[in-house]
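This report describes a ligand site, one helix and several single residues of a protein chain. Please read it with the sequence and the coordinates at hand.

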Amino acid sequence: MVETPSWTSEFKQSFKNLKDLYQFLEWPMLEELEAVALSYPIFVPRSLALKIKLEGPEGILAREFLPHKAELEEKLNQEGLADPIGDKTFFKAPQLIHRYASRALFTPTTICPVHCRYCFRKNELNGNEELFQQDFLETLSYLRSHPEISEIIFTGGDPLTLSNEKLEKYLKAFAEIKSIKDIRLHTRYPVILPERIDQDLLAVLNLASEHFRTVSLAVHANHAKEFDETNKTAIKALSQSKIQLLSQTVLLKGVNDNPQDLLELFDLFIEMKVRPYYLHHPDRVKGGMHFYLPLEEGRKLYQGLRNLLPGWAIPHYVIDIPGGHGKVTAYNPETTTFSGQLISKNGTAIDLQEPDFFV
Ligand code: SF4
């Protein structure tokens with residue numbers, strides 16, 4: 001358990017200014033990065049900045065969290081989308097995305113402990129009105145009139161940006177709706193700002209687990225290099241609580257697109273008692289296309305990983321079909337070749353050409 005310093009003071013001291021960050025890193029700052037950071041602001045906690053510095057400018061962490069000129073390269077990003085998974089179509093109540101019958105995404109904040117440069121919501125989190133729109137009573141009323149929704153997935157932004165009090169308030173309100181049985185929170189805090197995993201948060205999560213069938217925390221990490229003793233200690237505290245720990249990883253070109261790094265990461269999840277859950281194919285996000293890799297390549301990597309992990313620890317390899325067609329399996333046991341079509345959650349065949357720069 002990490003007790004000091006408090007996570008809020010760590011959060012407030014994060015780098016938001018490019019010059020300050022590069023001064024700290026003691027690396028020359030390319031002028032073109034200023035324009036990148038104007039379109040896609042930076043946010044890097046000091047402890048992460050130190051890890052980036054120690055790994056060096058060509059390191060994995062620099063690639064994940066520092067701005068890159070490729071974010072504004074027009075040719076590369078012309079097939080990138082501002083809303084790659086079609087969130088906008090599925091906002092059915094304030095802060096509530098209802099895309100699949102049995103589960104709904106709740107977006108109570110747009111704030112994260114870090115700005116991941118590959119983020120699928122990187123264009124939306126810059127002040128998107130719908131994500132901010134708030135009328136919790138209307139949200140509750142929608143949930144009461146849709147008893148088919150049994151799981152609420154807190155996302156955002158990062159839901160652990162909420163104070164413990166606010167989190168508890170939301171959880172209590174959901175617990176009063178009998179049809180809601182499961183709660184899941186997707187978060188990067190345990191890895192990026194492990195100070196957030198304090199005693200009060202654990203108490204809130206433990207209490208919630210008495211009112212729901214399951215309370216799960218999906219820990220987002222993409223590379224073993226993201227871990228150190230501090231965040232491993234925080235994750236150990238979570239693993240000893242009453243909640244279920246799941247993993248969430250995005251396959252990213254230049255970060256983890258090789259069999260050794262993927263295996264090392266998933267082995268680490270298993271050691272930390274975090275059950276492998278999701279391996280996402282990268283979304284076609286505007287400003288993040290330099291992280292994209294062809295589906296065929298992803299399938300080959302996943303095929304290799306399947307052979308190396310225990311059966312129960314094989315993550316679901318999934319892809320969100322652009323345009324709001326939903327998340328589907330990206331794996332095809334018949335072939336690693338991609339035909340150019342995927343079957344949507346409604347059973348419809350959707351054409352999906354690989355971006356031009358791979359052709
Ligand atoms: S924590 Fe998640 S939502 Fe926030 S920037 Fe990173 S990927 Fe995006």
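Lys273 lies in the loop between α13 and β8, the latter spanning residues 275-280. The model is a predicted one, and the values below are computed from it. Lys273 has a positive phi of about 65 degrees although it is not a glycine. Most residues other than glycine have a negative phi. Lys273 is exposed, with a relative accessible area of 62%; the cut-off for exposed is over 50%.

**Helix α13**

The helix named at one end of that loop, α13, covers residues 259-271. Its 13 residues reach 18 Å from the first C-alpha to the last, close to the 18 Å expected at 1.5 Å a residue. Which residues of α13 are buried? They are Asp261, Leu262, Leu265, Phe266, Leu268 and Phe269. Seen down the axis of α13, these buried residues fall within an arc of 155 degrees, so they line one face of the helix. The spacing fits a general rule: an α-helix has 3.6 residues a turn, so residues three or four places apart point the same way. The face of α13 turned away from the buried side carries the exposed residues Gln260 and Glu271.

**Backbone features in other loops**

Gln95 also has a positive phi, of about 60 degrees, although it is not a glycine. Gln95 is placed in the loop between β1 (91-93) and β2 (96-100). Is Gln95 buried or exposed? At 2% relative accessibility, Gln95 counts as buried, because buried means under 20%.

A cis peptide bond runs from Gly156 to Gly157, with omega near 15 degrees. Most peptide bonds are trans. Gly157 is found in the loop between β4 (151-154) and α9 (164-175).

**Partly exposed residues and their distant partners**

Three further residues can be read together with a partner elsewhere in the sequence. Asn17 is in the loop between α1 (7-12) and α2 (18-25). Lys345 is in the loop between β11 (341-343) and β12 (349-351). His316 lies in a strand, β9, which covers residues 316-321. The relative accessible area is 38% for Asn17, which is partly exposed. Lys345 is likewise partly exposed, at 32%, and His316 is partly exposed at 47%. The table gives the C-alpha distance for each pair.

| Pair | Separation along the chain | C-alpha to C-alpha distance |
|---|---|---|
| Asn17 and Ala37 | 20 residues | 8.6 Å |
| His316 and Leu279 | 37 residues | 5.9 Å |
| Lys345 and Thr329 | 16 residues | 9.6 Å |

Leu279 belongs to the residue range of β8, 275-280. The pair His316 and Leu279 therefore links β9 with β8 at a C-alpha separation of 5.9 Å, where a strand is a run of at least two residues.

**The ligand site**

Which residues are around the ligand? They are Cys112, Val114, Cys116, Cys119, Arg188 and His220. This shell divides into 4 nonpolar residues, 1 polar and 1 charged. Cysteine and valine count as nonpolar and arginine as charged, so Cys112, Val114, Cys116 and Cys119 make up the nonpolar part and Arg188 is the charged residue. His220 is the polar one, because histidine is not among the residues listed as nonpolar or charged. The space taken by the ligand is the largest pocket.

Terms used:
Residues are numbered from 1 along each chain as its sequence is written. This is a predicted model: local features need pLDDT of at least 70, side-chain atom pairs count only at pLDDT 80 or more; totals for chains, interfaces and linings use all residues. Side-chain values use heavy atoms; hydrogens and water are left out. A residue is near a molecule or strand if one of its heavy atoms lies within 4 Å of it. On a 1 Å grid over the protein atoms alone, a cavity is a set of points where a 1.4 Å probe fits but cannot get out, and a pocket is an open set with protein on both sides within 12 Å along at least five of seven lines; lining residues have an atom within 4 Å of a point. A molecule sits in a cavity or pocket if more than half of its atoms lie within 2 Å of its grid points. Helices (H or I, at least four residues) and strands (E, at least two) are DSSP runs, numbered from the N terminus. The expected span of a helix is 1.5 Å times one less than its number of residues. Buried means under 20% relative accessible area, exposed over 50%, partly exposed in between (1.4 Å probe, protein chains only). The arc is that of the directions from the helix axis to the C-beta atoms.
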